[in-house]
Amino acid sequence: MKILLALLRKDLLIEFRTKETIFVTIGMAILMSAIASVGVSAALLPPAAVKSVLPVLLTLSFLLSSTISMTRTYEYEYQDRPLQGLLMSGATPQLVFVSKFLTNFLTMSVGTLTTLLGFVFFLNLSIAQIFLPMTFIFGLMILGFVAIATLIVPITFSSRLRGVILPLLLLPLTFPILFGGIEICSSLIAGIPLDLSSPWISLLVGFDVLYMAIGMNLFDKVVIE
Amino acid sequence: MKPSLFKKAETALHLLSIALGLYALYLVFMVVPNERVMGPVQRIFYFHVGAAMATYCSVGLIFLSALLHFATRNRFWDTLSVAAAEVGLLFCAVVMATGMIWGHAAWNTWFRWEPRLVSFLVLMLILIGINLLRIFGDKGKVANHAAAFAILAAVNVPLVIWSIDLLPQSAQLHPKVVQDQGLKDPSFVKAMLFGMLAMVSLQFSLVFVRTKVESVLRLKDSI
Amino acid sequence: MEQVPNTYQELFIAYGALWILICTYLWHLSRKVDALTRRDS
C-alpha cells in the first residue's frame with residue numbers, strides 16, 4: 001500500500017508540476033465543444049436533436065483528447081528508462097499499472113467533465129436531471145478506456161509509428177465499452193431512467209472488469225525488457 | 001513427430017481440404033433446394049457461416065499461441081501467431097464481403113449499425129491492428145506485445161458470437177437462422193456443416209503453410 | 001412465371017475448379033518451401 005501511494009504521489013506530482021496532460025485535455029475539451037457547437041448550430045438542429053447527439057459528441061471529444069494526451073503520460077517513463085528502475089526498486093508491475101491507471105483516470109475524468117460543461121454552455125443544454133447518472137456512466141466508460149489504454153500505450157511507444165498506431169490499436173478494443181455507454185446515455189436522454197439490470201450496463205461493467213484484470217496481469221509482460 | 005509422419009499428415013490435410021470443399025460445393029449447388037423467401041442468393045450463407053467459423057478458429061489459435069508463448073517462451077508459438085493473425089484477417093474480410101453481398105441482395109442494405117455486424121467489423125479492425133503491430137512494432141519486443149494484444153482481441157470474440165442473444169432484439173437485423181429453426185430442410189443443415197468443415201480445413205492448410213514460410217524466414221534472419 | 005432452377009451445374013464446376021486450384025497451389029507452395037530447406041541443409 002505504501003509503495004502504491006508513493007507511486008501515485010510520483011505520478012500526480014509529475015502531472016501537477018508539468019501540467020501538460022491536464023492542459024492538453026482541458027484545452028482539447030473546450031476546443032472540441034466549441035467546434036461541435038459551431039457544426040450543430042450550422043446544421044440548424046432543433047434542441048431535442050442536439051440533446052440526442054450529445055453522448056456521441058462527448059464520446060468523440062473524449063476519444064480525441066485522451067488519445068493525444070495519453071502518450072504524454074509515458075514520455076517521462078521512456079527517457080532514460082526510469083520505469084525499469086522503478087521495477088527493480090521493489091514496485092511490482094501491478095502496482096505501477098494501478099498507479100498509472102489512477103492518474104490517467106483522474107486526468108481523463110477532469111477532461112471529460114470540462115467537455116460536458118463546455119457542451120452544456122455552448123449548446124444551451126439543460127441536463128440537470130440526468131447529470132448524475134450520465135457522469136456515472138461516463139465514469140464507467142473512462143474506467144474501461146483507461147484500463148486498456150494503460151496497457152496499449154507502452155506497446156505503441158516502442159513501435160516506429162508510435163502516436164499514429166495508438167488509435168488504430170486502441171479504438172477497436174474500446175468499442176464494447178463505447179457501444180454500451182452511448183446506448184445507455186441515449187436512453188437517459190430519451191427519458192428512460194437508469195436501469196442497472198440492462199444488458200448494456202452488463203456489457204459496460206463486464207468489459208471494464210475484464211480489461212482491468214487483463215491489464216494488471218499483462219502489464220509486466222509488456223514493459224519488462 | 002517424425003518427418004515422414006509429418007509429411008503424411010500434411011498431405012492428408014491438403015487432400016482433406018480439397019475433398020471437403022468439393023463435397024460442400026456439390027451439396028450447395030446440386031443438392032439443396034432454393035430457399036423459400038430469398039431464392040438462390042441464400043446459398044452464399046453456407047460459405048459466409050463457414051468463413052465466420054474459420055475466423056473464430058484463427059482467433060482461437062492466436063489466443064492459444066499467445067498463452068503458450070507466455071507460458072513456454074518457445075518461439076514456435078510466436079510463429080504460429082503470425083500465421084493465424086494473417087489468415088484470420090483474410091477470413092474476416094471474406095465474412096464481411098459475403099455478408100454485404102448477401103445483405104444487399106436479400107434486404108437491400110449493404111451494412112447496418114446493429115450489434116452482430118458492428119462487433120464483426122470491430123473484430124476485423126482488431127485483426128488489422130495485430131497485423132500492423134507485427135509490421136511496425138519493435139522487433140525485439142513485438143512477440144510479447146502481439147501476444148498481449150492477441151489476448152485482448154480474443155476476449156472480444158464471445159461478444160461477437162453472443163451479441164445476437166445477449167443484446168436487445170430491437171437492435172437486431174442479422175438473422176438468427178439456426179436458433180429459430182429456419183433451416184427446415186435437413187439438406188440445409190448438411191450443406192452448412194460441410195461448408196463450415198471445408199472453410200475450417202482450408203484455414204488450417206493456410207495456417208500450416210504460412211507457419212512453415214515464417215519459420216524459414218526467421219531461420220534465415222537468425223543466420 | 002419464370003422457373004428458377006434448383007441446381008447449378010456450371011457454378012459447381014467453376015467453383016470446384018477454383019477450389020482445387022487454390023488448394024493445389026497451397027500444397028505446391030508448401031513443397032517448394034520443403035525443397036528450399038532441403039537444399040539449404
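In this predicted model, the buried residues of helix α2(A) are Thr21(A), Thr25(A), Met28(A), Ala29(A), Met32(A), Ser33(A), Ala36(A), Ser37(A) and Val40(A). The helix that carries them covers residues 20-42 of chain A, and its 23 residues reach 33 Å from the first C-alpha to the last, close to the 33 Å expected at 1.5 Å a residue. After α2(A) comes Leu44(A), whose phi is positive, near 55°.

Positive phi values deserve a brief pause, because most residues other than glycine have a negative phi. Besides Leu44(A), with its positive phi near 55°, there is Asn124(A), a residue other than glycine whose phi is also near 55°. Asn124(A) is placed in the loop between α6 (93-123) and α7 of chain A, and it counts as exposed because its relative accessibility is 69%, where the cut-off for that class is over 50%. In chain B, Arg73(B) has a positive phi of about 60° although it is not a glycine. The loop that holds Arg73(B) runs between α2 (44-72) and α3 (75-107) of chain B, and at 48% relative accessibility Arg73(B) counts as partly exposed.

From these loops the reader can turn to the places where the chains meet. Between chain A and chain B, 28 residues of chain A are in contact with 28 residues of chain B, and the area buried there is about 2,600 Å², of which carbon and sulfur atoms give 80%. The count of salt bridges between chain A and chain B is 0, while 3 residue pairs, both members at pLDDT 80 or more, are in polar contact. On the side of chain A that touches chain B, the helices α7 (131-157), α8 (165-189) and α9 (199-223) of chain A each supply at least two residues, and the largest share, 10 residues, comes from α9(A). By kind, the residues of that side divide into 23 nonpolar, 2 polar and 3 charged.

Chain B also meets chain C, where 22 residues of chain C are in contact with 27 residues of chain B. The area buried between chain C and chain B is about 2,200 Å², with carbon and sulfur atoms giving 77% of it. In chain C, the residues that lose the most area to chain B are Phe12(C), Trp19(C) and Trp27(C), which together account for 32% of what that side buries. Across this interface the count is 2 salt bridges, and 6 residue pairs, both members at pLDDT 80 or more, are found in polar contact. The residues of the side of chain C that touches chain B divide into 14 nonpolar, 7 polar and 1 charged.

Helix α7 of chain B, residues 186-222, is a useful thread to follow from here, beginning with Ser205(B), which lies in it. Ser205(B) counts as buried because its relative accessibility is 1%, and the class requires a value under 20%. Leaving aside residues up to four places away in sequence, Ser205(B) touches Leu13(B), His14(B) and Ser17(B), as well as Leu26(C).

Charged side chains on the helix come next, within a count of 9 salt bridges over all chains. Arg218(B) forms a salt bridge with Asp78(B), the closest N and O atoms being 2.8 Å apart, and this pair links distant parts of the chain, since Arg218(B) is in helix α7 and Asp78(B) in helix α3 of chain B, 140 residues apart. Arg218(B) counts as buried at 17% relative accessibility, and Asp78(B) counts as buried at 7%. The side chains of Glu86(B) and Arg210(B) likewise meet in a salt bridge, at 2.7 Å from N to O, and they connect helix α3 of chain B, which holds Glu86(B), with helix α7 of chain B, which holds Arg210(B), 124 residues apart. Glu86(B) is partly exposed, with a relative accessible area of 33%.

A further pair crosses between chains, from Asp34(C) in helix α1 (residues 9-40) of chain C to Lys212(B) in helix α7 of chain B. The side chains of Asp34(C) and Lys212(B) meet in a salt bridge of 2.9 Å, N to O, and both residues are buried. Within chain B, salt bridges that share partners join Asp78(B), Glu86(B), Arg134(B), Arg210(B), Glu214(B) and Arg218(B) into one network.

How values were computed: Residues numbered from 1 in each chain as written. Chains lettered and ligands numbered in written order. Predicted model: local features only at pLDDT ≥ 70, side-chain atom pairs only at ≥ 80, totals over all residues. Heavy atoms only, no water. Contact = heavy atoms within 4.5 Å. Buried area = accessible area lost by both parts, 1.4 Å probe. Salt bridge = Lys/Arg side-chain N within 4 Å of Asp/Glu carboxyl O. Polar contact = N/O pair within 3.5 Å; in protein donor to acceptor, adjacent residues only side chain to side chain. Helix = DSSP H or I, 4+ residues; strand = E, 2+ residues; numbered from the N terminus. Nonpolar A, V, L, I, M, F, W, Y, C, P; charged D, E, K, R; others polar. Expected span 1.5 Å × (residues − 1). Buried < 20%, exposed > 50% of the residue type's maximum accessible area, 1.4 Å probe, protein only.
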